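Hi everyone, thanks for coming along. I'd like to walk you through one model today, so let's put it on the screen.

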Amino acid sequence: MSELTKEEPPAAPAAPPPTSVTPSTYLKSILGRPILVRLHTGVTYRGILACLDGYMNIAMEQTEEYGVGGELESRYGDVFLRGNNVAFISGDTKAK
Amino acid sequence: MSTGRLLPLELVDKCIGSSIWVLMKDTNTELTGTLKGFDDFVNMVLEDVTEIRITDGERKEVKLDSVLLNGNNVAILVPGGAPEE
């Protein structure tokens with residue numbers, strides 16, 4: 001098998017990682033999807049990402065608020081989160 | 001060898017695709033995961049993430065598939081991921 005294949009192409013010269021996902025491409029990929037947002041305080045918001053900007057200001061729909069211990073605190077229809085509070089945004093695969 | 005110096009962000013760029021350990025500023029939070037990319041603010045996209053929060057001596061781990069981490073509170077990046085316990 002290996003003899004039949006043409007010689008290997010020369011190793012790509014220090015090719016940049018082909019699968020680099022920058023923050024902006026990641027944000028585009030999770031628009032309209034269920035997300036989990038963790039604030040620096042430890043409070044978590046789960047909902048549908050409606051839109052956001054470069055400051056990580058976030059507008060969410062069908063939002064659930066979870067306390068630091070993970071218990072459901074409240075539900076909101078629409079939520080605006082100011083970006084300076086955001087620790088991270090995660091595509092929420094476990095969301096229904 | 002004329003370019004013996006490596007810019008800080010070049011070091012981060014070399015970590016893309018491999019494991020990285022992120023220590024946050026002034027919070028008892030760490031994340032480990034595979035670095036997928038970052039921007040000029042060192043906001044980072046991580047995959048297969050474990051978030052470790054230590055509150056009152058209690059260690060809590062949360063697993064997440066993918067995360068966009070705000071670079072604002074990042075203190076230290078350690079290439080290679082967290083050390084084994």
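**A walk through two chains**

Let's start with one glycine: A:Gly77 sits in strand 4 of chain A, which covers residues 72-81. What does A:Gly77 touch, once its neighbours within four places in sequence are left aside? The answer is A:Met60, A:Glu61, A:Gln62 and A:Thr63. As for distance, A:Gly77 is 27 residues from A:Ala50 in sequence, and their C-alpha atoms are 12 Å apart in space.

Before I go on, please keep in mind that this is a predicted model.

One of those contacts of A:Gly77 deserves a second look, and that is A:Gln62. A:Gln62 belongs to strand 3 of chain A, residues 58-66. Its phi is near 50°, a positive value in a residue that is not glycine. Is A:Gln62 buried or exposed? A:Gln62 has a relative accessible area of 58%, and the cut-off for exposed is over 50%, so A:Gln62 counts as exposed.

Chain B has a residue to put beside that. B:Asp48 is found in strand 3 of chain B, and its phi is near 50°, again positive in a residue other than glycine. With a relative accessible area of 57%, B:Asp48 is exposed.

Now let's step back to the chains. Chain A has one helix and five strands, and along the sequence they come in the pattern α-β-β-β-β-β. Chain B also has one helix and five strands, and its pattern reads α-β-β-β-β-β. Chain A has 96 residues, of which 35% count as buried. For chain B, it is 44% of 85 residues.

How about contacts that reach along the sequence? If we take contacts with a separation of 6 or more, residues 24 or more positions apart account for 38% of them in chain A and for 42% of them in chain B. On the surface side, chain A exposes about 6,100 Å², with 58% of it from carbon and sulfur atoms. Chain B has an accessible surface of about 5,100 Å², and carbon and sulfur atoms hold 51% of that. If you like to think in boxes, the C-alpha atoms of chain B fill one of roughly 50 × 25 × 25 Å along the principal axes.

There is also a record to mention for chain B. UniProt, in an unreviewed entry, lists residues 7-83 of chain B as "domain: Sm". In the model, that stretch is 9% helix and 60% strand, and the C-alpha atoms at its two ends lie 25 Å apart.

On to strand pairing. Within chain B, strand 3 and strand 4 run antiparallel and are joined by 11 bridges. One facing pair there is B:Glu47 and B:Ser66, the latter in strand 4 of chain B. These two strands make a hairpin with two residues between them, and in that turn B:Asp56 has a positive phi of about 55°.

Strand 4 of chain B has a partner in chain A as well: three bridges join it to strand 5 of chain A, and the two run antiparallel. Here A:Ile89 stands opposite B:Leu68.

That brings us to the nonpolar cores. Which residues have the most contacts inside the largest one? They are A:Phe88, B:Val22, B:Leu31, B:Leu35, B:Met44, B:Leu46 and B:Leu69, in a core of 20 residues. At least two residues of this core come from each of these strands: strand 5 (86-91) of chain A, and strand 1 (19-24), strand 2 (29-38), strand 3 (44-55) and strand 4 (58-69) of chain B.

B:Met44 is a good one to click on. Beyond its neighbours within four places in sequence, B:Met44 contacts a list of residues including A:Pro23, B:Val22, B:Leu35, B:Phe38, B:Val67, B:Leu69 and B:Leu77. Apart from this core lies another, of 18 residues, with A:Leu27, A:Val43, A:Met60 and B:Leu68 among them.

Last, the cysteines. How many disulfides does a search of the whole structure find? Zero, over all chains. Two cysteines to look at are A:Cys51, which is partly exposed with a relative accessible area of 43%, and B:Cys15, which is buried at 5%.

That's my tour, and I'm happy to rotate the view for anyone.

Key:
Residues numbered from 1 in each chain as written. Chains lettered and ligands numbered in written order. Predicted model: local features only at pLDDT ≥ 70, side-chain atom pairs only at ≥ 80, totals over all residues. Heavy atoms only, no water. Core = buried A, V, L, I, M, F, W, Y, C linked by side-chain atoms within 4.5 Å. Buried < 20%, exposed > 50% of the residue type's maximum accessible area, 1.4 Å probe, protein only. Helix = DSSP H or I, 4+ residues; strand = E, 2+ residues; numbered from the N terminus. Contact = heavy atoms within 4.5 Å. Pairing = 2+ DSSP bridges. UniProt positions renumbered as here; feature names shortened; annotations may be inferred. Disulfide = S-S within 2.5 Å. Areas by Shrake-Rupley, 256 points an atom, 1.4 Å probe, with all protein chains shown as cover.
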